[in-house]
Amino acid sequence: MSQIAFQKPDARDFLDIDGLLDDEDRMLRDTVRAFVGKEIAPNIAEWWEEGIMPVELAKVMGDMGLLGMHLEGYGCAGTSATAYGLACLELEAGDSGIRSFVSVQGSLAMFPIWKFGSDEQKLEYLPRMASGELIGCFGLTEADSGSDPSSMKTNARRDGNDWILNGSKMWITNGNLADVAIVWARTDEGIRGFIVPTDSKGFTANEVKHKVSLRASVTSELVFDDIRLPGDAVLPEVSSMRGPLSCLNEARFGIAFGAAGASRACYEAALDYAMERVQFDKPIASFQLTQQKLVEMMIATQRAYLVAVHLGRRKDAGELSPQQVSFGKMDNVRNALEVARLARGLLGGNGITLEYPVIRHMTNLESVYTYEGTNEIHTLIMGEALTGIGSFV
Ligand code: TGC
Ligand code: FAD
């Protein structure tokens with residue numbers, strides 16, 4: 001009987017999930033991976049330590065077509081959703097903060113204009129946001145309204161043709177970098193989205209200092225003190241929580257991929273380290289307990305990648321539900337955090353320094369675990385889908 005010669009699985013893509021990608025997706029993925037290798041990886045530890053998100057990256061990533069990349073028209077690249085996800089994966093393999101910048105710009109600041117804006121608003125903002133000339137942020141969360149944003153107090157009232165905006169937002173990514181903020185506010189007509197230029201009189205951004213997570217990302221409090229906005233600052237096509245929650249679907253989708261990237265980076269760092277680090281006269285990779293950890297990390301990383309690609313295909317087919325996005329966001333992030341913690345231990349003392357990427361990813365993932373819907377909120381979203389019983393009311 002003739003023997004079939006099986007190829008040994010690749011330690012870095014055990015199930016050959018790359019084989020599920022089409023040529024276009026793979027090409028884009030390779031381009032972003034090369035960019036991360038050249039521009040992000042050599043510098044990120046220093047940026048992270050100093051608490052810097054280098055703003056000049058915006059134009060570089062704009063030139064690469066990474067900003068609002070899965071949106072059609074208005075200077076956006078119009079790629080598949082899967083390609084957008086793969087870009088998030090590669091960026092987050094570099095650092096969650098860099099992926100956050102791209103998520104916020106494309107999915108949270110550009111998407112609401114693209115989806116709910118007027119033609120004039122789209123023409124005015126989207127091309128310059130796609131190129132990185134204008135930076136956006138997304139203000140939904142408030143100090144007292146996090147998981148329950150519908151309890152927001154920020155409000156806007158009509159004054160003749162104008163709107164007057166008052167209130168504050170908390171934990172806003174890109175807040176101090178932004179040229180334009182998408183602010184969600186309570187009005188007599190429901191929850192509405194406003195395009196607020198950050199040089200408006202009455203607008204203040206205060207950076208959140210002393211973060212020990214997501215340090216290569218700017219996080220801010222935004223304060224609105226009687227900001228007068230023209231009538232056409234409001235997004236005309238939505239007046240309920242459906243507006244901001246639709247944007248979250250987009251960003252959470254990117255995070256499902258991104259977390260798979262952070263997981264891969266931690267697993268690969270641990271694999272490389274285990275092969276080189278010698279104790280008891282042997283590479284630590286030869287110890288059975290180490291091999292078990294590597295296998296657990298590999299399986300979790302591959303599973304996250306597989307789930308992400310599956311969600312990408314469903315989104316490209318127009319079939320992805322918000323509850324399925326919750327599956328990807330919740331499961332991939334919690335698994336990435338577990339992988340990061342295992343990898344941290346495997347690196348021993350070296351695991352606590354920024355010489356290796358692991359502890360940076362590990363602390364970053366604590367933010368990713370919380371933002372865009374906490375683990376508990378996604379559990380309850382899926383719980384409602386399973387039982388038909390909502391638990392938020
Ligand atoms: P609920 O009463 O169920 O619905 C209100 C309206 O919204 C619609 N809707 C959705 N629409 C689109 N997508 C979804 N996923 C939707 N979920 C609900 C719904 O149909 C209804 O529409 P209408 O037209 O009939 O009024 O909503 P609720 O207020 O009870 O909220 C439920 C809950 C708890 C799930 C929601 O509030 C939630 O997801 N909370 C978590 C908050 C959150 O994730 N915040 C994220 C802030 S942004 C951020 O963290 C950025 S981090 C930076 C980065 O991404 O890198
Ligand atoms: P809370 O809602 O107070 O939750 C505290 C704890 O209670 C959590 O464990 C939560 O799961 C649990 N909990 C709450 N409700 C329930 C429930 N019903 N059942 C069980 N448990 C529950 N927001 C923006 O709008 N724009 C941004 O750009 C942005 N960027 C961010 C960047 C960073 C680095 C961080 C950390 C946050 C960012 N956020 C942003 C805010 C983020 O979305 C919120 O932190 C998140 O939604 C949780 O809100 P909270 O922090 O107020 O926690």
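In this predicted model, the second largest pocket holds about 370 Å³ of space. Its lining consists of 21 residues, and those nearest its centre are Ala41, Ala93, Gly94, Ala265 and Pro357. Sorted by class, the lining of this second largest pocket comprises 10 nonpolar, three polar and eight charged residues. Several helices take part: helix H1 (23-40), helix H2 (44-50), helix H4 (81-94), H7 and H10 each contribute at least two lining residues. Among the elements of the second largest pocket, H7 gives the largest share, with five residues.

The domain layout helps to place this pocket. The protein chain is divided into domain 1 (17-130), domain 2 (136-233) and domain 3 (242-387). Because domain 1 and domain 3 both give residues to the lining of the second largest pocket, that pocket lies between them.

We turn next to the largest pocket, which contains about 1300 Å³ of space. It is lined by 44 residues, and Gly146, Leu248, Arg252, Glu372 and Gly373 are the closest to its centre. The class make-up of this lining is 19 nonpolar, 17 polar and eight charged residues. At least two lining residues come from each of helix H5 (96-116), strand S3 (162-173), helix H7 (242-276), helix H9 (322-346), helix H10 (358-370) and helix H11 (375-387). Helix H7 once more stands out, as the largest share of the lining of the largest pocket, seven residues, belongs to this helix. Readers following H7 through the structure will thus meet both pockets: H7 supplies the largest share of the lining in the largest pocket and also in the second largest pocket. Helix H10 likewise gives at least two residues to the lining of the largest pocket and at least two to that of the second largest pocket.

The remaining results concern the meeting of domain 2 and domain 3. Taken over C-alpha atoms, the centres of these two domains are 30 Å apart. Their contact draws on eight residues from domain 2 and 11 residues from domain 3. About 760 Å² of area is buried between domain 2 and domain 3, and carbon and sulfur atoms account for 72% of it. On the domain 2 side, the residues that lose the most area to domain 3 are Ser147, Ser213 and Leu214, which together make up 50% of what that side buries. As for charge pairing, zero salt bridges are found across the interface of domain 2 and domain 3.

Terms used. Residues are numbered from 1 along each chain as its sequence is written. Chains are lettered from A and ligands numbered from 1 in the order in which they are written. This is a predicted model: local features need pLDDT of at least 70, side-chain atom pairs count only at pLDDT 80 or more; totals for chains, interfaces and linings use all residues. Side-chain values use heavy atoms; hydrogens and water are left out. On a 1 Å grid over the protein atoms alone, a cavity is a set of points where a 1.4 Å probe fits but cannot get out, and a pocket is an open set with protein on both sides within 12 Å along at least five of seven lines; lining residues have an atom within 4 Å of a point. Grid points are joined across faces, edges and corners, and a volume is the space filled by probe spheres set on the points. Helices (H or I, at least four residues) and strands (E, at least two) are DSSP runs, numbered from the N terminus. Ala, Val, Leu, Ile, Met, Phe, Trp, Tyr, Cys and Pro count as nonpolar, Asp, Glu, Lys and Arg as charged, and the others, Gly among them, as polar. Domain bounds come from an automatic or database domain assignment. Contact means heavy atoms within 4.5 Å. Buried area is the accessible area (1.4 Å probe) that two parts lose on being put together, summed over both. A salt bridge is a side-chain nitrogen of Lys or Arg within 4 Å of a carboxyl oxygen of Asp or Glu.
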